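Morning, everyone. Please look at the model on the screen while I walk through it.

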Amino acid sequence: MSLAVQECHGGMGEPGSLHQPVCSVLRAHLEKMASVHMRDLFESDPNRFERFSLQVGEVLLDYSKNRITDETMQLLMRLAEEAGVAGWRERMFAGDKINHTENRAVLHVALRNRSNRPVVVDGEDVMPKVNAIIERMGVFAEQVRSGQWRGYTGERITDVVNIGIGGSDLGPQMVVQALKPYRHPRLKVHFISNIDGAHVKETLESLNPETTLFIVSSKTFTTQETMTNAHFARSWFLAQSQETKHIAQHFVAVSTNSESVAAFGIDPAHMFEFWDWVGGRYSLWSAIGLSIVLAVGAERFIELLEGAHDMDEHFRHAPLAQNMPVILALLGVWYNNFFGAESHAILPYDHYLRSLPAYLEQADMESNGKSVDREGRVVDYATGSIIWGATGINGQHAFYQLLHQGTKMIPADFIVSIDPPTDLHKHHDILIANFLAQTEALMRGRTREETVRESGASGNGQFIQHKVFEGNHPSNAFLVQKITPHALGMLVALYEHKIFVQGVIWNLNSYDQWEVELGKQLASRILPELHADLPVASHDASTNALINYYRRMNHTHPD
């Protein structure tokens, strides 16, 4: 693995500069750390865990198994200070339009502002509207959950289908899955996002139109994937109900476009609004979380918001050196920009958190997967990491080989709850033992001498080197008492703020996503060409050939 520093840049005044004093010091420090093994750091410092761990509420972070010393952290904190993290943090919480390419504030923190202190955007305190929507969501959810809201034949609603994509799908789905122990016993929640027709057909084939409620989640109510699936669901429903008036009892909308919602057949009174300062991948706290409220109830949803708010308060007020999101962000920069690590693994040892890696893939890579800085200049340094992962035990039998003995540095986050989610305590003990063993093994490794001693084989054995583990692989360990709504809210907000801090350090706008728009434009151009009368010749040779091959080989026609 390359230890050469590819880049380091300063604060808002000199993005992309390689001349900030702290960067040259960090480069020199890296040379010193290159030959240091973590097992030696632990052996020389019995208090290492106490100095490199931090607890905030229910979340304990152990970051002692990182290739750091006190000097490393002091230098990284200087980097955060020079980048202006504290100032940008305050601008976000104050409602400044830090998403400058879209001229928008970034206020997912306002959605869970349980202190209810004023948050002003364009001269208006947004909190009354935020609170009103949360209250409406709770009232509606209680009607459905209690059986007061019924389908067109008078039957209780038994299934809720959320139709969305991106942040309108990944966030709510992850939370509903994570909070399974808190879900309504008779109400099943399903999620449809993929434009592949197999997804919507497979989901609906086992459902009853008389007892199914649909949530159509689209800010503009024009998102192609979402609206195509929504119209299919509408046709599926009408095939049995026969009358469009019944749509009002079975479809609700999360949107800002009341005219299109009404044209679809949804009563605008059943439209739940959110605002342009709510980014899609940060929207589960908004009306986009309606499926969460239906699944776990208004009280639990409030607990989720309160957990996120508690992490917001910690992030806003804790000194940088004792600030959990800041510490995580700086460790990521240390490995990304100095050690040349290209990816970061998320490894929850919890079946209910199995969708957390996919959620964080979008949250992180859509936010900081940028190659131009805030001023529009092409960067000459690495930005966002490749985020990936899976549940820990499954990962151990799949890809951990590469983590332990591969040629790439892959920092990893291990996440586990202390209390078992079921009464299968033996299962949980095995899970915890593996969680702890993997972080220790990644850090310590196993020398050739240890391998020989433990295997009882000769030091000249043919396969001894195959069993040697270098170790010195960094990881963070997160322990929470239990995956409650409050703890989950803290955990998700923690990662949101980590992403924010890294964006500040890399001088990025973490809150736009123009690639998505380009893809939509190209797809809308190609769609009619798939069934054109004449061969297509308006693209590059590869795209033309693929379109024309599809036209020749596909004998179906659009509906």
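Strand 5 and strand 6 run parallel, and five bridges join them. Keep in mind that this is a predicted model. One pair to find on your screen: D159 has K188 as its bridge partner in strand 6. Now look at the other neighbour of strand 5. Strand 7 is joined to strand 5 by five bridges, and these two strands also run parallel. Here V161 is the residue to pick, and its bridge partner in strand 7 is F214.

How covered is strand 5? Five of its five residues are buried. Take the two faces in turn. D159, V161 and I163 point one way. V160 and N162 point the other way. All of them are buried.

Now zoom out to the whole sheet. Five strands form it, and it is open. The order is 6-5-7-8-9, with parallel pairing. Which strands sit at the edges? Strand 6, residues 188-192, is one edge, and strand 9, residues 271-272, is the other. Each of these pairs on one side only. At the strand 9 end, two bridges join it to strand 8, residues 251-254, and the two run parallel. A253 is one residue to click there, with M271 as its bridge partner in strand 9.

Next, the helix that goes with this sheet. Helix 8 covers residues 167-178. It lies across strand 5, strand 6 and strand 7. Against strand 6, helix 8 runs at about 150°. Put strand 5, helix 8 and strand 6 together and you have a right-handed β-α-β unit.

Stay at that spot for one residue, G164. Where is G164? In the loop between strand 5 and helix 8. Is G164 buried or exposed? The relative accessible area of G164 is 1%, so it is buried. What does G164 touch, leaving out residues up to four places away in sequence? The list is D169, I192, S193, S217 and T226. There is also a distance to note. G164 and M227 are 63 residues apart along the chain, yet their C-alpha atoms are separated by 8.4 Å.

Let's move along the chain to strand 10, residues 343-348. Strand 10 is mostly covered, with six of its six residues buried. S343, A345 and L347 point one way from the strand. H344, I346 and P348 point the other way. Again, all are buried.

What does strand 10 pair with? Strand 11, residues 386-389, is one partner: four bridges join the two, and they run parallel. In that pairing, H344 has I387 as its bridge partner. To get from strand 10 to strand 11, the chain passes through helix 16, residues 356-368. That β-α-β crossover is right-handed. Strand 12, residues 412-417, is also joined to strand 10 by four bridges, and those two strands run parallel as well. There, L347 has F414 as its bridge partner in strand 12.

Now a pair of helices. Two packed helices are described by the angle between their axes and the distance between the axes. The pair here is helix 14, residues 298-317, and helix 15, residues 324-338. Their axes come within 8 Å. They cross at roughly 70°. Helix 14 and helix 15 are therefore roughly perpendicular to each other. Which residues make the contact? From helix 14, M311, H314 and F315. From helix 15, M324, P325 and V326. By type, the contact between these helices has five nonpolar residues, one polar and no charged.

Last topic: backbone angles. Most residues other than glycine have a negative phi. Two asparagines are worth a look on that point. N103 has a positive phi, near 55°. You will find N103 in the loop between helix 5, residues 85-94, and helix 6, residues 108-111. N116 also has a positive phi, about 65°. N116 is in the loop between helix 6 and strand 3, residues 120-121. How accessible is N116? It is partly exposed, because its relative accessible area is 42%.

That's my tour. Questions, please.

Methods: Residues are numbered from 1 along each chain as its sequence is written. This is a predicted model: local features need pLDDT of at least 70, side-chain atom pairs count only at pLDDT 80 or more; totals for chains, interfaces and linings use all residues. Side-chain values use heavy atoms; hydrogens and water are left out. Axes are lines fitted to C-alpha atoms, for helices over the stretch in contact, and angles run from 0 to 180 degrees between N-to-C directions. Angles under 35 degrees count as roughly parallel, over 145 as roughly antiparallel, 65 to 115 as roughly perpendicular and the rest as oblique. Contact means heavy atoms within 4.5 Å. Ala, Val, Leu, Ile, Met, Phe, Trp, Tyr, Cys and Pro count as nonpolar, Asp, Glu, Lys and Arg as charged, and the others, Gly among them, as polar. Two strands pair if DSSP finds at least two bridges between them. Buried means under 20% relative accessible area, exposed over 50%, partly exposed in between (1.4 Å probe, protein chains only). A crossover is right-handed if, with the strands pointing away from the viewer, the path from the first strand over the helix to the second runs clockwise.
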